[in-house]
Amino acid sequence: MQKLQIPFHRPYITQDEKDEVLDSLNSGWLTMGPKTIEFEKRFREYVFAGSAKAANSQFAVSFNSATAALHLALKAVGIKFGDEIILPTNTFVATAEVVTYFGAMPVLCDIEEETHNIDASKIESLITKKTKAIIPVHFGGQPCDMDEICTLAKRYKLNIIEDAAHALPSRYKGRTIGTIGDVTCFSFYATKTLATGEGGMATSSSKEFAENMKRNRLHGISRDAWNRYTVKGSWYYEVVDNGYKYNTTDINSALGVAQLRKIDWMLEKRQHVAHAYDTAFKGTAVNTPLIRNDRETSWHLYVINVNNRDELSERLKEDGIGTSVHFIPVHKHPYYRDTYRYCGDDFPVANRVFERSLSLPIYPGLTDEELSYVINAVKKYAK
Ligand SMILES: Cc1ncc(COP(=O)(O)O)c(C=O)c1O
């Protein structure tokens, strides 16, 4: 059989993306401006379509990353030094890192074996007087147990900041992710389901939180100052908060506008890949992802569990197939382990999952020939 080269991820870029970017370049406006406003509007309409929320409580605020969005979401809900925030250990470090920006404590929670999501049944025992928020991470695109998490948040008066870096588009009991928590943060990093290179978006139903994030993504300036260099704009502004430089650019937003147009089509392509993997691995040594009946995943990741993860990933690499591991649990990273004195024994499920999981290629441009090649190789080497 001919050897193929199949990267773990390949962005799906067409003439449409190139035309949108050219449009921005030709417009003479490169940084945050009209294209970003259009992207925010279309994103808001997409996420809130079908939502019962009133039109005047639907907001989307763009950023240069999901990390920036998470940071300013926590700032918007008032996180302060010494607060505690509960999040799963099975996440990218950004979810924990933003908590440390405040001198707050990332309180790690173990995960569920079946979904690799935060184990909602273990959250309550971690709540103290200092707990202020929960950050559920919709791992791989599958929504967390939002009913249970919302009930706890209500009982203990906690904010919910959703890390939806993987969850565009995903649904929980018919509700689109982005419409449930206080603030939901999406990522448009190069490998994500909507990719702009770097970028992020926060959605919220709170005008207060949205305005706070808008202000603080641009130096804490009092009003829309992005257009202060246009003929219509004004040079005058006031700084009313200790803000950051977290805005995106029109070039990135141009990619976002084009990608959002095909977001449902790209999902169908990933569903096709996931279905092919599910079918092919039935009855083999490969454990396939379990998606609960009441939720729909974006299929950002397709994570299998095997007994020989390291060997399998090496063999696949030799055959030209890129894979990845999501994630090295936060409590295993030296900085977090040593600074917060996490005890590995507190996270038995995350430790077990970490030893066995491997993410396979899943993206719209994966051809059927490539898909069969990956399937055959995985079946050959998995134990
Ligand atoms: C779960 C999770 N949260 C947050 C992030 C951070 O996203 P960004 O790179 O857009 O800052 C990532 C990125 O990979 C992620 O996987």
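With which residue does Asp 145 form a salt bridge? In this predicted model, the partner of Asp 145 is Arg 295, and the closest N and O atoms of the two are 2.8 Å apart. Asp 145 lies in the loop between strand 4 (131-134) and helix 5 (146-156), while Arg 295 belongs to strand 10 (residues 295-296), so the salt bridge ties together parts that are 150 residues apart in sequence. Asp 145 counts as buried because its relative accessibility is 12%, below the limit of 20%, and Arg 295 is buried as well, with a relative accessible area of 8%.

This pair belongs to a count of 28 salt bridges. Another of them joins the side chains of Glu 20 and Arg 261, with 2.7 Å from N to O, and here too distant parts of the chain are linked, since Glu 20 sits in helix 1 and Arg 261 in helix 7 (residues 250-261), 241 residues apart. The two partners differ in their surroundings: Glu 20 is buried at 11% relative accessibility, whereas Arg 261 is partly exposed, with a relative accessible area of 46%. Both take part in a network of salt bridges that also includes Asp 16, Glu 17, Asp 23, Lys 35 and Lys 262. A further salt bridge is formed by the side chains of Asp 310 and Arg 309, again with 2.7 Å from N to O; in this pair Asp 310 counts as exposed at 53% relative accessibility, but Arg 309 is buried at 7%.

Nonpolar side chains also appear at the surface, where Leu 22, Leu 25 and Leu 30 make a patch of about 260 Å². Leu 30 is found in the loop between helix 1 (15-27) and helix 2 (34-48), and with a relative accessibility of 45% this leucine counts as partly exposed.

The next site to look at is the ligand. There are 16 residues around the ligand, and those that come nearest are Thr 67, Asp 163, His 166, Ser 187 and Lys 192. An N or O atom in the side chain of Thr 67 is 2.5 Å from an oxygen atom of the ligand, a polar side-chain atom of His 166 lies 2.8 Å from a ligand oxygen, and a backbone N or O atom of Ala 66 lies 2.9 Å from an oxygen atom of the ligand. Of the 390 Å² of accessible area that the ligand has on its own, the protein covers 92%. Helix 3 (66-76) and helix 4 (94-100) are the elements that give two or more residues to the shell, whose members divide into seven nonpolar, seven polar and two charged residues.

Some details of the backbone remain. Most residues other than glycine have a negative phi, and most peptide bonds are trans. Against that background, the peptide bond from Leu 168 to Pro 169 is cis, with omega near -10°, and Pro 169 is found in the loop between strand 5 (159-163) and strand 6 (171-172). The bond from His 326 to Phe 327 is cis too, with omega near 0°, and Phe 327 has its place in the loop between helix 9 (309-318) and helix 10 (334-340). Lys 157, although not a glycine, has a positive phi of about 55°; this lysine lies in the loop between helix 5 and strand 5 and is exposed, with a relative accessible area of 73%. Lys 173 likewise has a positive phi, of about 45°, and lies in the loop between strand 6 and strand 7 (175-176), where it counts as partly exposed at 44% relative accessibility.

Notes: Residues are numbered from 1 along each chain as its sequence is written. This is a predicted model: local features need pLDDT of at least 70, side-chain atom pairs count only at pLDDT 80 or more; totals for chains, interfaces and linings use all residues. Side-chain values use heavy atoms; hydrogens and water are left out. Patches are made of residues with over 30% relative accessible area and no salt bridge: like charges are joined within 9 Å, nonpolar side chains (Val, Leu, Ile, Met, Phe, Trp, Tyr) within 5 Å. Accessible areas come from the Shrake-Rupley method with a 1.4 Å probe; for residues, only the protein chains shown count as cover. A salt bridge is a side-chain nitrogen of Lys or Arg within 4 Å of a carboxyl oxygen of Asp or Glu. Helices (H or I, at least four residues) and strands (E, at least two) are DSSP runs, numbered from the N terminus. Buried means under 20% relative accessible area, exposed over 50%, partly exposed in between (1.4 Å probe, protein chains only). A residue is near a molecule or strand if one of its heavy atoms lies within 4 Å of it. A polar contact is a pair of N or O atoms within 3.5 Å; within protein, one must be able to donate a hydrogen and the other to accept it, and residues adjacent in sequence count only if both atoms are side-chain atoms. Ala, Val, Leu, Ile, Met, Phe, Trp, Tyr, Cys and Pro count as nonpolar, Asp, Glu, Lys and Arg as charged, and the others, Gly among them, as polar.
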